[in-house]
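Me: Hi! I have a model open here and would like to talk it through with you. Can we start with one residue and then move on to how the chains meet?

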Protein chains: 2
Amino acid sequence: MNGYTKKCLITGGAGFIGSQLARRLLLQGCEVTVIDNLFTGSKGNIYDLMQNPKFTFLIHDVTQPFWGQFDEIYNLACPASPIHYQHNPVETIKTSVLGIMNMLELALKTKARIFHTSTSEVYGDPDVHPQPEYYWGNVNTIGIRSCYDEGKRAAETICADYLRQYGVDVRMIRIFNTYGPCMHPHDGRVVSNFIVQALQNKNITIYGNGQQSRSFQYVDDLLDAIQLYMALPRAKVERFFSEKGIAVPVINVGNPGEFTIRELAEMVLALLPESKSKIINEDLPKDDPKRRRPDITLAKELLGWEPRIKLSEGLPKTIEYFRALIKGN
Amino acid sequence: MNGYTKKCLITGGAGFIGSQLARRLLLQGCEVTVIDNLFTGSKGNIYDLMQNPKFTFLIHDVTQPFWGQFDEIYNLACPASPIHYQHNPVETIKTSVLGIMNMLELALKTKARIFHTSTSEVYGDPDVHPQPEYYWGNVNTIGIRSCYDEGKRAAETICADYLRQYGVDVRMIRIFNTYGPCMHPHDGRVVSNFIVQALQNKNITIYGNGQQSRSFQYVDDLLDAIQLYMALPRAKVERFFSEKGIAVPVINVGNPGEFTIRELAEMVLALLPESKSKIINEDLPKDDPKRRRPDITLAKELLGWEPRIKLSEGLPKTIEYFRALIKGN
């Protein structure tokens, strides 16, 4: 880019996905600023980046305004696993809603392109399967998951309105279940749960009968999609969604390969033959979505992207990460 | 109450419903403070109250914090008709979301009981008919109505979480289509539209074929329900919703009598035989909900309430209001 160094801001950049995105953007020569309140993010995830002169880390909560000069903003701040987002539901929905408002105001002020991470949770407990972007979802407004689900839905609305009303160049991805190195070891998500339980020879807990299905996307596939999306010229993005009859740029990104929770548990155990863990069943929590699988037609067409990394390839890498993390503790 | 004067705050108190609520509460002996940014509210609606020493009016926008000492808070601030809420969608969703956050913070600080006006719009374009409170709705997150619908959904979530997390005594009503004196004459709603058009001998515009149904509730019925609800002891409210398996206090309030838009137009014309208006048809706007009718079982059981005023009684009163308003202009 003729010697110009692109300046990127990542909110939640000390978290699972944000920290890996920061590492990539630095390798590609960008200046990267990470803001994170360290509620679920960890300095350990970005420790290796701290000495890089192009990297800046600031403790900052996105519910408060943040100003600076950036070309691209990646809004990834929000506790994303039930165990974390239910810890303080009021702060969760504030993080979602006030966080995106503050980042859109920053984008507006600095003319930055902005990426917003939405989630498959906007589909709730879907009665359409798999879920295309056209599907409006089935979500409870007053349940114990609502702080996350409705917070994320309202954040999409706010993005759509800043685009329509102020012309902000915002692009959203509804991320489906994603796993990989740098996941929080105690976030209560199924992949990290099962691996950590198996490594520690504890019983592997399945909620319900384990027949509920999930899609599992390896983090590198997601990062590829985010970067392909953000690199597209605005005119191309606008034309694409206009032709599709979708009001604003939003695509599903996930791995459509469907596995039951029980299958996942069995794969983890097969990859760790030395583990003494057994599979046990517990009651399903309230409002737990039964089935979720992305329709990724739009992402394929727009980005020429599809997931490359199979569960059988991604799981061993994730296991190695957790093995090292647990040894290090 | 042994000489104690109850202090009430009404946000949006210069609007259609808020101003009528203010008038009632004053008649009942309460001290009433109204805050309103006068975007859709009008000083004309509360002009007769201005000399009452128990009445205070302040221009204030609920997106900003507001502090005072109150026993009861009635959160009615939000443009509610498409023509108004789509004028500035970003402010609409901020009004909904930041407004309720600010009022819940005030309720928390002052230990006030708080009433929040939700809406039948949280059901969106329902695939269940009539709609019970258990129904989760069918709402688009990124359409041109989303600033209102999703803003109101997120506001419900925020109420639910302040109740669960901080114990705020919050009570919500999902208000279905309501009409009556003090409606905004140019809010684009079907009742005011038809009456004003008929009074001015303009054509009565029906969007679509006019077979979409609506329920029409006279404002006095709604005010009765709000007051019965707010007067209930907290323990009774909690027990009721707990027995019903509903997470937090939220009830539908509306008139289940169903009329098509065409029937309404014909009733208005029949009540104004001198009008030279004719009925014409125009295209249905995007995302317009097709059908909406309240299941009011819970309101009946909890409040011993049901609507008393028929459309054939309420329409003439509303016509008289608009006749005087138009003459006065």
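Me: Leaving aside its neighbours within four places in sequence, which residues is His84(A) in contact with?
Reply: Happy to help! This is a predicted model. Beyond those sequence neighbours, His84(A) is in contact with Phe39(A), Thr40(A), Pro79(A), His184(A), His186(A) and Asp187(A).

Me: And where does His84(A) lie?
Reply: In helix H2 of chain A, which covers residues 82-85.

Me: Buried or exposed, that His84(A)?
Reply: His84(A) is buried: its relative accessible area is 13%, and the cut-off for buried is under 20%.

Me: Thanks. What about Thr117(A), is that one buried or exposed?
Reply: Thr117(A) is buried too, with a relative accessible area of 6%. You'll find Thr117(A) in strand S5 of chain A, residues 113-119.

Me: What does the side chain of Thr117(A) reach?
Reply: The backbone oxygen of Asn75(A), at 2.8 Å. Asn75(A) also turns up among the contacts of Thr117(A) outside four places in sequence, along with Leu76(A), Lys152(A), Ile173(A) and Ile175(A).

Me: Let's switch to the two chains. How many residues does the contact take from each?
Reply: 40 residues from chain A and 40 residues from chain B. Between them the chains bury about 3,200 Å², with 61% of that on carbon and sulfur atoms.

Me: How many salt bridges are there between chain A and chain B?
Reply: The count is 4 salt bridges. One to look up is Arg153(A) with Glu150(B), whose side chains meet at 2.7 Å, N to O. There are also 20 residue pairs in polar contact between the chains, counting pairs with both residues at pLDDT 80 or more.

Me: Which elements of chain A supply at least two residues each to the side that touches chain B?
Reply: Helix H3 (89-110), helix H4 (146-166) and strand S6 (170-175). H4(A) gives the largest share, 14 residues.

Me: And how do the residues on that side of chain A divide by type?
Reply: Into 21 nonpolar, 9 polar and 10 charged.

Me: What turn lays chain A on chain B?
Reply: A turn of 180°, with a shift of 0.0 Å along the axis and an RMSD of 0.0 Å. That is the relation of a two-fold axis.

Me: Last one: why can we say the copies meet through the same surface?
Reply: Because 100% of the interface residues of chain A are interface residues in chain B as well.

Key: Residues are numbered from 1 along each chain as its sequence is written. Chains are lettered from A and ligands numbered from 1 in the order in which they are written. This is a predicted model: local features need pLDDT of at least 70, side-chain atom pairs count only at pLDDT 80 or more; totals for chains, interfaces and linings use all residues. Side-chain values use heavy atoms; hydrogens and water are left out. Contact means heavy atoms within 4.5 Å. Buried area is the accessible area (1.4 Å probe) that two parts lose on being put together, summed over both. A polar contact is a pair of N or O atoms within 3.5 Å; within protein, one must be able to donate a hydrogen and the other to accept it, and residues adjacent in sequence count only if both atoms are side-chain atoms. Helices (H or I, at least four residues) and strands (E, at least two) are DSSP runs, numbered from the N terminus. Ala, Val, Leu, Ile, Met, Phe, Trp, Tyr, Cys and Pro count as nonpolar, Asp, Glu, Lys and Arg as charged, and the others, Gly among them, as polar. Copies are superposed by least squares on the C-alpha atoms of residues with pLDDT of at least 70 in both. Buried means under 20% relative accessible area, exposed over 50%, partly exposed in between (1.4 Å probe, protein chains only).
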